[in-house]
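Subject: Structure handover

Hello,

Here is the structure you are taking over. My notes on what was found in it follow below.

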Amino acid sequence: MSACVQPAQVSPAAAGEVSQDRLFGGRLLLFQPRHGYRFSMDAVLLAHFVRPRPGWRILDLGCGCGVVGLIAAYRVPSCTVTLLERQPELARLAAANAAVNGMTDRVQTREADLRQLGTVIRPESFDLVLCNPPYYQQGRGRIRPDAQEASARHDLSAGVADFVRAAAFGLRNRGRAVFIYRASSQAALQMALMSCRLAPKRVQMLYSYPGAVQARLFLVEALKNGGDACTVLPPFYLHAGPEGTYTAAMQRLYQEEACWPRP
């Protein structure tokens, strides 16, 4: 097993490269690249869709600066979280974020490629896996000029099937995996989940605004070795209208830890 990434203090010299952002009225502090890959509403939506139970072991695959796993740790103080990130700069920021929020006793960061997950974790050792995989296949969509952001948005190193296989490897029997993905590509994710014995149990479509014809994103919670029953939740609207103002429900995700039912 590889050693954990050690938290490094974010120095004043890096102030121009790293921003400080806060969630939940300032109670959760997050360092993230000012010009590289920055977390978006996708990560916040994913973090609030999960329902971790006290004492659960949680794995955040491709964690970036660690926002999803850290929100889960914030919501359920008794859980333990492993943040896994391939890019060294982001892995160091994730470790720094765990440290600045006083979570190093239960949040560890590992720098590793999820395609070799067996080199850093034991199989079937987690109760919950969180995934925000790249939405675009190679050759599709405009590649961002920033290499860090391009790797997070496009499957330049690992695609959705790799994320699903890694989730299945890490999950115990009857453990749960939660994904957020583009609604137009939901078939690819659903097929990958079923091929790894991860049965969808909760699904929610996310629309840009009321009246939008097509869903923009979707959230799915899957159960390892689960049955075929699945709950489809009501639509969730991100914006009040085409002008882009957040709905009250979306705004609460940035301000409250209990906007979706608390576990």
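**Arg202 and its surroundings**

Arg202 counts as buried because its relative accessibility is 11%; buried means under 20% relative accessible area, exposed means over 50%, and partly exposed is in between (1.4 Å probe, protein chains only). Before going on, note that this is a predicted model, in which local features need pLDDT of at least 70 and side-chain atom pairs count only at pLDDT 80 or more, while totals for chains, interfaces and linings use all residues. Residues are numbered from 1 along each chain as its sequence is written, and side-chain values use heavy atoms, with hydrogens and water left out.

Arg202 sits in strand β8, which covers residues 198–207. Helices (H or I, at least four residues) and strands (E, at least two) are DSSP runs, numbered from the N terminus. What does the side chain of Arg202 reach at 2.6 Å? The partner is the backbone oxygen of Phe49. Such a pair is a polar contact: N or O atoms within 3.5 Å, where, within protein, one must be able to donate a hydrogen and the other to accept it, and residues adjacent in sequence count only if both atoms are side-chain atoms. With neighbours within four places in sequence left aside, the residues in contact with Arg202 include Phe49, Arg51, Glu221 and Cys230. Contact means heavy atoms within 4.5 Å.

**Salt bridges**

A salt bridge is a side-chain nitrogen of Lys or Arg within 4 Å of a carboxyl oxygen of Asp or Glu. By this rule there are nine salt bridges.

One of them joins the side chains of Glu221 and Arg51, at 3.2 Å from N to O. Glu221 is in strand β9 and Arg51 is in the loop between α1 (41–49) and β3 (57–61), so this pair ties together parts that are 170 residues apart in sequence. Glu221 is buried, at 2% relative accessibility, and Arg51 is partly exposed, at 41%.

Another salt bridge is formed by the side chains of Asp127 and Arg172, at 2.5 Å from N to O. This pair links distant parts of the chain, with Asp127 in strand β6 (residues 126–131), Arg172 in strand β7, and their positions 45 residues apart. Are these two buried or partly exposed? Asp127 is buried at 7% relative accessibility, and Arg172 is partly exposed at 23%. Salt bridges that share partners also join Arg51, Arg176, Arg202 and Glu221 into one network.

The side chains of Arg115 and Asp113 meet in a salt bridge as well, at 2.7 Å from N to O. Here Arg115 is partly exposed at 43% relative accessibility, and Asp113 is buried at 16%.

**Helix α6**

Which residues of helix α6 (residues 186–195) are buried? They are Leu189, Gln190, Ala192 and Leu193. Seen down the helix axis, these buried residues fall within an arc of 165 degrees, so they line one face of α6. The arc is that of the directions from the helix axis to the C-beta atoms. Met191, Met194 and Ser195 are exposed on the other side of α6. The buried residues of α6 pack against α5 (160–170), β7 (171–182), β8 and β9 (217–224). Just after α6, Arg197 has a positive phi of about 60 degrees.

**Core and chain totals**

In soluble globular proteins, nonpolar side chains tend to be buried together. A nonpolar core is a set of buried Ala, Val, Leu, Ile, Met, Phe, Trp, Tyr and Cys residues joined through side-chain atoms within 4.5 Å. The largest one here has 81 residues, and Leu45, Leu61 and Phe179 touch the most other members. Not counting residues up to four places away in sequence, Leu61 touches ten residues' worth of surroundings that include Leu84, Leu114, Val129 and Phe163.

The chain has seven helices and eleven strands. Of its 263 residues, 55% count as buried. Among contacts with a separation of 6 or more, 71% are between residues 24 or more positions apart.

**Helix α7**

Gln255 belongs to helix α7 (residues 248–255) and is partly exposed, with a relative accessible area of 42%. Gln255 and Leu23 are 232 residues apart in sequence but 6.2 Å apart in space, C-alpha to C-alpha.

Regards
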